[in-house]
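Please open the model in your viewer and keep the sequence panel beside it. The tour below moves from one selection to the next and says what can be found at each stop.

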Amino acid sequence: MTWLIVVLVVLVLLGLAFILLYNRLVRLRNRSENAWAQVEVQLKRRHDLIPNLVETVKAYAAHERGTFDSVTEARTSAQRAATVEQQAAAENVLTAALGRLFAVAEAYPQLRATENFQQLQSELEETEDKIAVARQLYNDAVLAYDNARETVPTSLVAGMVRFEPKPYFEIDERSRAVPQAEFSALPAPQDG
Amino acid sequence: MEVPWLTIGATAAATAPWLLAVTLVYLRRRPNKPEPGPPTLDLGPEPPAIANLLVHDFRVTHDAVPATLIDLAARRLVEIEEREPGSYVCRLEKRSDGGLTSYESRVMELLRSRASGGIVPAGALTTGPTKESSRWWKDFRKEVVADAQQRGLCLDILDGKTFRRLTFAALGPAVVLGLMAGETAGLVYWVVAVLLLGAIMTWHTQRDTPAGLAAASRWLGVRAKLADDEAFRTQAPIAVTLWERHLAYGAAFGLATAAVRAIPMGAESDHRAWSSYGGQWRAVRIRYPHLVPPGWGIHPLIVLLRAVLALAAALFGLWLAQDVGSAGMLFVATLIAVVAVAGLAALWALVDLGSTRDVTGQILRLRTHGDDDDKRYYVAVDDGGGSETIRAWRVKPELYTPLRQYEVVTGTITRNLRYVRSIHPAVSQTESEVGAAQVAAAPRG
């Protein structure tokens, strides 16, 4: 009888431990999924700004058709990306294409002076900042999830129930589409 | 002993009307509970610290401080960066901070006072030692309340006139007791009554106004909406870039728990500190040696004298214990240990008698330990050597008094026992050190 009670107690304790660890993994997985949703919101915002930007530049440099096409194609690919890896690759291509678009705009001082272009550029820059932060938060969430998935005791539960690894969102941070010097001028430094 | 029923009865009878008056005043003036407004994400004009007061029964909670910092970040006056997962730094932006409220300026000032090169790790954003931190917090709270009152959102629960009246009314039962049981009893009664009055009234210092109640209702609606998003609780402080001012209000409402945990902005720890002396921010541990190592911070001559006496006593004990059998082995072992420790202390003291060196560094902590009979004064100085653990120097009270935390000082200390012969503000500091010392000087209220 005693051994039965002992076995039952051990089983109950194991069951409780399993539930706690399982719930922790689920929470971390949900957190990373939520963080990815935040990345998607910011990426969508960037994608939404592009058609206006292309149209604005087109009004001044209609003959740069190749550049506009590459931006549009890259945007479409980015919107169609289904996985994190595909999204990262597509965003890198889009960033490069946008970089070329801004290089074209550089040659047209009148275009750069228009309020519409300046506003779009400013919004795009702000969105890129937000994407950078959202990406950082997502990668932190994935790191926490992966650490839990790979370390004992949660790894035992992760092995029993399928907790798939999550990819990091790796984009080329060095190349930003928007040239930053233009609108990052700040008011004069204060003392202190 | 005879129970003075008559005195007790008369005092109770005289007290009852006074207590009734106090209770009535409290019940009439305690803040009303606002009805939560419809859930919304539309923010009102009040800053997060005021919103914090409004949703917490017209009391400011500690979350108002990190909430204010996050709000400054949302307004691009401060940038919060992540250095590595879970580790954040605040960077002062070179923008005009005109138009800030007094408590927002206080937070900015704290940031400036702690920053080195315009950067301060979130962990280093403390409001000073416990006593100083408490004063800082009280001043912050007063400023928030004053701003809320100026906006017509709340009033003092007890104005001076009512307080004086209730205090005067307490004289009635005090005089009754004084006449029946002596002047002292009457005086003590009156003091206790006034203290009780103060305690009751400080439970709620502020009461609502119609405008305050309406604003509180609106903010409760914002809180309800933010609380709907479970992920909000796990947002790091850098998420302010995404959530903007909503994260600050979430922090003020006690919802953005992860963000607040990352920048607690409370009293500083005695044993952990952040130091930027030497150019790089780093976390250090601080120890306040007392018995180990022996003779720490004591004049080498005194240590030498004590060590020689201990050595003599231990050696004498060993000589006496020559004939002790195995039963006395523990005693012998203890004496041998005493000989070893005293010998080492004597050696250190001997070396220290003829050698001192000057050490320049920044004071990270100024602390006293022990009771009044044996108070020890410690100065933890980071000399920029990169050490992870700093052993605080023990100094004489007269050397300790003029020192200020975060000041750059030069101490003349002995090599082993770290006996401090003199300590004074560094004269030959580099410009950056001077700057760091100036900006890092602890806020003094």
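Helices here are DSSP runs of H or I with at least four residues, strands are runs of E with at least two, and both are numbered from the N terminus. The model is predicted, and every value below should be read with that in mind.

**Stop 1: a loop in chain B**

With that naming in place, select B:E244, which sits in the loop between α10 (240-243) and α11 (245-252) of chain B. The backbone of B:E244 has a phi near 55 degrees, a positive value in a residue other than glycine. Is B:E244 buried or exposed? Neither label applies, because B:E244 has 18 C-beta neighbours inside 10 Å and therefore counts as partly exposed; the buried class would need 20 or more.

Go next to B:R76, in the loop between α3 and β1 (78-84) of chain B, where phi is near 65 degrees and is again a positive value in a residue other than glycine. B:R76 is partly exposed because 13 other C-beta atoms lie within 10 Å.

**Stop 2: α2 and α3 of chain B**

From B:R76, step back along the chain and select helix α2 (residues 48-55) of chain B together with helix α3 (residues 64-74) of chain B, whose axes come within 8 Å and cross at roughly 145 degrees. The crossing of α2(B) and α3(B) is right-handed. To display the contact, show B:P48, B:A49 and B:N52 from α2(B), and B:A64, B:A67, B:T68 and B:D71 from α3(B). Colouring the contact of α2(B) with α3(B) by class gives 4 nonpolar, 2 polar and 1 charged residues.

**Stop 3: α1 and α6 of chain B**

Now select helix α1 (residues 5-29) of chain B and helix α6 (residues 160-169) of chain B, which pack at an angle of about 160 degrees with their axes 10 Å apart. That angle makes α1(B) roughly antiparallel to α6(B), since angles over 145 degrees fall in that class. The crossing in which α1(B) passes α6(B) is left-handed. The residues to show are B:W18, B:A21, B:V22 and B:V25 on the α1(B) side, with B:T162, B:L166 and B:A169 on the α6(B) side. By class, the contact of α1(B) with α6(B) contains 6 nonpolar residues, 1 polar residue and no charged residues.

While α1 is still on screen, pick B:A12, which lies in this helix of chain B. B:A12 counts as partly exposed because it has 13 C-beta neighbours inside 10 Å. A distance label between the C-alpha atoms of B:A12 and B:L177 should read 9.4 Å, although these residues are 165 residues apart along the chain.

**Stop 4: two cis peptide bonds**

For the next selection in chain B, take B:V292 and B:P293, which are joined by a cis peptide bond with omega near -5 degrees. B:P293 belongs to the loop between β7 (282-287) and α13 (300-320) of chain B. Chain A offers another cis peptide bond, joining A:V152 and A:P153 with omega about 5 degrees, and A:P153 is found in the loop between α5 and α6 (154-160) of chain A.

**Stop 5: where the chains touch**

Show both chains and select the residues between them: 16 residues of chain A are in contact with 14 residues of chain B. On the side of chain A that touches chain B, the elements giving two or more residues are α1 (2-58) and α5 (115-150) of chain A. Which of the elements supplies the largest share of that side? The largest share, 8 residues, comes from α5(A). The residues on this side of chain A divide into 7 nonpolar, 5 polar and 4 charged.

**Stop 6: the chains as wholes**

Finally, zoom out and colour by secondary structure. Chain A has 6 helices and 0 strands, and 29% of its 192 residues count as buried. Among contacts in chain A between residues at least 6 apart in sequence, 80% join residues at least 24 apart.

Chain B has 16 helices and 13 strands, and 37% of its 445 residues count as buried. Along the principal axes, the C-alpha atoms of chain B fill a box of roughly 85 × 75 × 45 Å. The radius of gyration of chain B is 30 Å, whereas a compact globule of 445 residues would have one near 22 Å.

Key:
Residues numbered from 1 in each chain as written. Chains lettered and ligands numbered in written order. Predicted model: local features only at pLDDT ≥ 70, side-chain atom pairs only at ≥ 80, totals over all residues. Axes fitted to C-alpha atoms, helices over the stretch in contact; angles between N-to-C directions. Parallel < 35°, antiparallel > 145°, perpendicular 65-115°, else oblique. Left-handed = near helix turned anticlockwise from the far one by under 90°. Contact = placed C-beta atoms within 7 Å. Nonpolar A, V, L, I, M, F, W, Y, C, P; charged D, E, K, R; others polar. Rg over C-alpha atoms; globule rule 2.2 N^0.38 Å. Buried ≥ 20, exposed ≤ 12 C-beta atoms within 10 Å, placed from the backbone.
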